[in-house]
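Let's walk through this structure together, one question at a time. Keep the view open beside you as you read.

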Amino acid sequence: MRKPRRALAAAAIALVLPLSACGSGDEGSGSTDASGKVEGDITFQTWNLQANFKSYFEGVIADFEKKYPDTHVKWIDQPAEGYADKISADAAGGTLPDVVNVSPDLVAPLAKAGLALDLDKAASKYKSEYLEGAWASHQIPGMTGTYAFPWYLNTGPLFYNKSLFEEAGLDASKPPTTYDELFSDALELTEKSDGKVATLANVPTVEDFGRYGVELMNKEGTAFSFNDAKGIELLTKYKELYDAKALESQALTATPESSGKKFLTGAVAMNPGSALDLENFKKQAPNLYKNIGITDQITSTGKVNMYVMGVMVNSQTKHTPAAVAFAHFVTDAQNQMSFAKQVAIFPSTAGSLDDPYFTKEDGTDVTRVRVAAAKSLKNAVNYTPVLFSDQMKTELRNEVAKALQGKESPKEALDNAVEACNKLLEQQG
């Protein structure tokens, strides 16, 4: 299962909702009071999960209906393709399901339109059940409140080729953990290999700026700020890597697949990945597999990036107590743990990552990666701003490319990216 961690057309929601949902908070039949009797018929929508996890969700629903006999849950599942457009159409037409599987960027326009229930008001008693960073991931800059229960998390470790480190005279048992260490090791590794080996095959993304400690956005949520001195410093360092061939020459157009191939052939020393990659190395590159190292994502903040999915309650539901109870039930520790054992994801509930399933090695590659990732997730944060759309990601990537190629200075590139992203932000309303 590899569900998109963000919607491809979230901007469509932002464009439709202000026209259709104006005043909806006053006109709807919903209530923020979740303390009444849990009863009524509700609809639960997931995002491309039915094909692989039908029996799991049917079991969760059956358990909920057994616990609350006066409820009935209708489950609908939407395909990954066009999911954001479907939510947009439902929101505009007043047919949004009672409980909806969302990502943070999807919940933002719904919250702004008054269609996402504020759980800090309606369900604050559950807040302590979740990891702090996970609960905060569905908060919207410029708004008070939390607009979805955190559901499952994901992150990826960083793989590195121990033999390439050793050949460069670097200590393979101590891979870089901060950006400063990364830049130092990368330049040394490239120099010792006469420019034949790069350390990275990816240009910096908004998550890199976040992990470097850059303030990505003002607290009001009205403007991006990753063009500050620290942001310029990071891009300048990447420019040095690019010029020294420590950043792979084709990084400007790299995809995860192409970066993976570079790592597989020994042209790149470090690459993000998953347990599935380890199995691939074992089959396709046994020498690499024998020399593989696993470490955390590079971060200068001490906190890695996580991707998070959520479960939102429609503020217009006619059965607020039942919708809140079900959203909490789906995301409680027991059900999240059960789901995590069926697929390579991680629970967002406090204490769950201390379970032996996430802490004890058993000699297998899958467990090796799972344990490493779970350890890093305990204090991870979702660095991607919830208001940062795919269009904005493209603007940033294009400007980063110009800076690395020397067509613009790092400052000019980031100033241009911030200006473009702020214009797009204004269009979101």
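Contact here means heavy atoms within 4.5 Å, and the model we are looking at is predicted.

Q: Which residues of helix 18 meet A275, L278, E279 and K282 in helix 13?
A: Helix 13 covers residues 275-284 and helix 18 covers residues 365-377. Their axes come within 8 Å and cross at roughly 145°, with helix 13 passing helix 18 in a right-handed crossing. On the helix 18 side, the residues met are D365, V366 and V369.

Q: How many nonpolar, polar and charged residues make up the contact of helix 13 with helix 18?
A: The helix 13 side consists of A275, L278, E279 and K282, and the helix 18 side of D365, V366 and V369. Sorted by class, the contact has four nonpolar, no polar and three charged residues.

Q: Is helix 11 parallel, perpendicular or oblique to helix 19?
A: Start with the geometry: the axes of helix 11 (residues 229-243) and helix 19 come within 9 Å and cross at roughly 55°. An angle under 35 degrees would count as roughly parallel, and 65 to 115 as roughly perpendicular. The crossing therefore makes helix 11 and helix 19 oblique.

Q: How do the residues of the contact of helix 11 with helix 19 divide by class?
A: Helix 11 brings L235, Y238, K239, Y242 and D243 to meet V400, A403 and L404 of helix 19. The division is six nonpolar, no polar and two charged.

Q: Is E399 buried or exposed?
A: You will find E399 in helix 19, which spans residues 390-404. Leaving aside neighbours within four places in sequence, E399 is in contact with E408, A413, N416 and A417. The cut-off for burial is under 20% relative accessible area. Because its relative accessibility is 8%, E399 counts as buried.

Q: Why does D90 count as buried?
A: D90 sits in helix 4, residues 83-93. Beyond its neighbours within four places in sequence, D90 is in contact with Q45, T95, L96 and P97. Burial requires under 20% relative accessible area. D90 counts as buried because its relative accessibility is 7%.

Q: How many residues of helix 15 are buried?
A: Helix 15 runs over residues 320-330 and is mostly covered. Its buried residues include T320, P321, H328 and F329. The count for helix 15 is eleven of eleven.

Q: Which are the edge strands of the sheet with the order 2-1-3-8-4-9?
A: This open sheet has six strands with mixed pairing. An edge strand pairs on one side only. That description fits strand 2 (71-78) and strand 9 (346-347).

Q: Which strands does helix 3 touch as it packs on the sheet?
A: Within this sheet, eight bridges join strand 1 (residues 40-47) to strand 2, and the two run parallel; G40 stands opposite T71. Helix 3 (residues 50-67) has a direction that makes about 165° with that of strand 2. The strands touched by helix 3 are strand 1, strand 2 and strand 4 (149-154).

Q: Which residue in strand 7 stands opposite L158?
A: Look at the open sheet of three strands in the order 6-5-7, where the pairing is antiparallel. Four bridges join strand 5 (residues 158-161) to strand 7. Opposite L158 stands T295.

Conventions. Residues numbered from 1 in each chain as written. Predicted model: local features only at pLDDT ≥ 70, side-chain atom pairs only at ≥ 80, totals over all residues. Heavy atoms only, no water. Buried < 20%, exposed > 50% of the residue type's maximum accessible area, 1.4 Å probe, protein only. Axes fitted to C-alpha atoms, helices over the stretch in contact; angles between N-to-C directions. Left-handed = near helix turned anticlockwise from the far one by under 90°. Nonpolar A, V, L, I, M, F, W, Y, C, P; charged D, E, K, R; others polar. Pairing = 2+ DSSP bridges. Parallel < 35°, antiparallel > 145°, perpendicular 65-115°, else oblique.
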